[in-house]
Each structure stands twice: as C-alpha cells, then as structure tokens.
Amino acid sequence: MRSLVLIGLTLTLAAPAAAPVTAAPRGPASQCRTGEAIVYTCSFGKAVGSVCAGGGKLHYRYGPDGRPAIDIAGDRDWSNVRRGFIVGGGGGSQRHLRFTRNGHHYVVFWGVAGQYTQIPGKTWSGIHVSEGKADLATLRCKSMAQPSDDWEDLARDAPEEEDPQFEAWF
C-alpha cells in the first residue's frame, strides 16, 4: 500500500503542470447587440458610447456597459442621422456621425491632426452633445477609439451633413 501511495505521489509530481485557464480576450466594451457590427465604441469612465449597424439601421447607444440609458435608432428615411467630414488647413480631418432626437444632437466624432500642425498625426475622438444651438457636453475618448475600417460602408445610407452648426471641430 505504501508503495502505491509513493508511486501515485511520484506520478503526480512528475506530471507537467496544467496550463492555466484563461478567458478569451474580450474586445473593447460595446453597446452593440448580437448580430450588429461595431461602427465605433469607446469607454467613458463608467459609461460606454457606441454606434452599431444592424437591420439596415445605425444605432447610437450610451450608458453603463450593457444597459444604455440612450438608445437612438436611425429612422427609416434617415432623417435623424447625418455623416459629416471637414478638412483643416494643416491637412488634418475630422469625421462624424450625428444622431438627433427631441432637439438633442449626439455627435460621435474622430479626427487626426495634419502634417502641417504642431501635433501631426495626433488622433482624437469622442461624443459631443447639444440641444438646439447650445453645447451641453463634449466627452473625450481616452483610448483614442477610431471607427471600424468598414464604417463608411456601414454608414453609406446616412445623408451627408448639411447643417453648418455641425461642420465644426469637436
């Protein structure tokens, strides 16, 4: 009996250590649902802001991860969604997607400073909120989130921005 215990102990000590179990890496936090493509997502402290594409629509969602307090889907006629683009004198540019509901505008933006600026190549992104012409808040994405590579294809049905108020740097 003693030799069986010693053999078992020897086999246990000689066996290679099992690889640690780790979870698969999770992508960035997102408010997108199963079946939706992530167009843009960024964490803003305890809240996550995302633009998602699915079912022929774009969706803007913002709030605690998995429990958005704001959820705006593009209307069938795209009347509440716009996409914008501006170019700066230094060669930089900024793009945005604007969602509107009840007089509030939620502008998801991302940009890059041009080569002729003091900060060439610097990127930024975030969400700008306004009501009518009054600016309410601008949230800066600390992780410098950029849109997905295929964002233009996913947002192709959104009409171009025509309101000069939103042809601006955020």
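## Strands S6, S7 and S8

S7 and S8 pair in the antiparallel sense, with nine bridges between them, and within this pairing His105 stands opposite Ser130 in S8. These and the other features described here belong to a predicted model.

Strand S7 is also joined to S6, again in an antiparallel arrangement and through nine bridges. In that pairing Phe99 stands opposite Tyr106 in S7. The hairpin that S6 and S7 make has two residues between the strands, and in this hairpin Asn102 takes a positive phi near 50 degrees. As for its surroundings, S7 is mostly covered, since seven of its nine residues are buried.

## The sheet of S1 to S4

Four strands make up an open sheet, in which the order is S1-S2-S3-S4 and the pairing is antiparallel. At its edges lie S1 and S4, each of which pairs on one side only. On average, neighbouring strands of this sheet are turned by 10 degrees against each other when direction is ignored.

Looking at one of these pairings in detail, S3 and S4 run antiparallel and are joined by four bridges. His59 has Ala73, in S4, as its bridge partner.

## The largest nonpolar core

In soluble globular proteins, nonpolar side chains tend to be buried together. In this model the largest nonpolar core has 26 residues, and those with the most contacts inside it are Tyr40, Val51, Leu58, Tyr60, Leu97 and Phe99. At least two residues of this core come from each of the strands S1 (37-44), S2 (47-54), S3 (57-64), S4 (70-73), S6 (93-101), S7 (104-112) and S8 (123-131). The strand that gives the most to this core is S1, with four residues.

## Around Tyr60, and another core

Which residues are in contact with Tyr60, leaving aside its neighbours within four places in sequence? They are Ser50, Val51, Ile70, Asp71, Ile72, Phe99, Tyr106, Val108 and Ile127. Two of the residues in contact with Tyr60, namely Val51 and Phe99, are, like Tyr60 itself, among those with the most contacts inside the largest core. Phe99 and Tyr106, both in contact with Tyr60, are also the residues that stand opposite each other in the pairing of S6 and S7.

Apart from the largest core lies another core, which consists of six residues, among them Ala113, Trp124, Phe166 and Phe170.

Technical notes
Residues are numbered from 1 along each chain as its sequence is written. This is a predicted model: local features need pLDDT of at least 70, side-chain atom pairs count only at pLDDT 80 or more; totals for chains, interfaces and linings use all residues. Side-chain values use heavy atoms; hydrogens and water are left out. A nonpolar core is a set of buried Ala, Val, Leu, Ile, Met, Phe, Trp, Tyr and Cys residues joined through side-chain atoms within 4.5 Å. Buried means under 20% relative accessible area, exposed over 50%, partly exposed in between (1.4 Å probe, protein chains only). Contact means heavy atoms within 4.5 Å. Two strands pair if DSSP finds at least two bridges between them. Axes are lines fitted to C-alpha atoms, for helices over the stretch in contact, and angles run from 0 to 180 degrees between N-to-C directions.
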